[in-house]
Amino acid sequence: VNTTLKYLQIWNGIFKLTSKELQILSAFINSPVVASFSVEGKKSVSELLNLKDFNTLNNYIKKFKDKGVISKKDDKYALHPLLTGDLEQVTLNLKK
């Protein structure tokens, strides 16, 4: 896996993101802005994706929260631990 988008696609069976949502989430993750879901982050992502209005990204941020991709705590957003790449081990239990 050599790109953020490919890494996200591995876990997408869990989150069920559309291809557009995957593209936008990848842009947020790769954003040079530290607080990538902030106004500055949204402006950076909208420029990268050639969007006219960065406020349209608010709809995607809400979808990401609804699908469990990100969470908000103390006015800061955090990616789901599976998407940070910081996990040493992941255990999956499959049921028939």
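This report describes two helices, a group of aromatic rings and some backbone angles in a predicted model.

## Basis of the description

The model is predicted, and local features need pLDDT of at least 70, side-chain atom pairs count only at pLDDT 80 or more, while totals for chains, interfaces and linings use all residues. Residues are numbered from 1 along each chain as its sequence is written, and side-chain values use heavy atoms, with hydrogens and water left out.

## Helix 1

Helices (H or I, at least four residues) and strands (E, at least two) are DSSP runs, numbered from the N terminus. Helix 1 covers residues 4–15, and at 1.5 Å a residue its twelve residues should span 16 Å, which agrees with the 15 Å between its end C-alpha atoms; the expected span is 1.5 Å times one less than the number of residues.

Leu8, Trp11, Asn12 and Phe15 are the buried residues of helix 1, where buried means under 20% relative accessible area, exposed over 50% and partly exposed in between, with a 1.4 Å probe and protein chains only. Seen down the axis of helix 1, these buried residues fall within an arc of 145 degrees, so they line one face of the helix; the arc is that of the directions from the helix axis to the C-beta atoms. They pack against helix 2 (19–30) and helix 5 (81–84), with contact taken as heavy atoms within 4.5 Å. Trp11, for example, has a relative accessible area of 12% and is therefore buried.

## Helix 3

Helix 3 covers residues 39–48, and its buried residues are Gly41, Lys42, Val45 and Ser46. Viewed down the axis of helix 3, they fall within an arc of 130 degrees, so they too line one face of their helix. Glu40, Glu47 and Leu48, on the other side of helix 3, are exposed, whereas the buried residues are covered by parts that include helix 2 and helix 4.

A residue from each of these two helices can also be compared by position: Trp11 and Val45 are 34 residues apart in sequence and 22 Å apart in space, C-alpha to C-alpha.

## Aromatic rings

Rings of Phe, Tyr and Trp (its six-membered ring) pair if their centres lie within 6.5 Å, and planes under 30 degrees apart count as stacked, over 60 as edge-to-face and the rest as tilted. By this rule there are two aromatic pairs. Phe28 and Phe37 form a stacked pair, 4.6 Å centre to centre with 25 degrees between the planes, and both of these residues are buried. Phe37 and Tyr77 form a tilted pair, 5.5 Å centre to centre with 55 degrees between the planes. Phe37 lies in the loop between helix 2 and helix 3, and Tyr77 in strand 2 (residues 76–79), so this pair ties together parts that are 40 residues apart in sequence.

Ring pairs thus link Phe28, Phe37 and Tyr77 into a cluster. Within it, Phe37 has a relative accessibility of 10% and counts as buried, whereas Tyr77, at 28%, is partly exposed.

## Positive phi angles

Most residues other than glycine have a negative phi. Lys16, just after helix 1, takes a positive phi of about 55 degrees, and Asn50, just after helix 3, takes one of about 60 degrees. Asn50 lies in the loop between helix 3 and helix 4 (57–66), and at 67% relative accessibility it counts as exposed.

Asp74 has a positive phi near 55 degrees and is found in the loop between strand 1 (70–73) and strand 2. With 66% relative accessibility, Asp74 counts as exposed.
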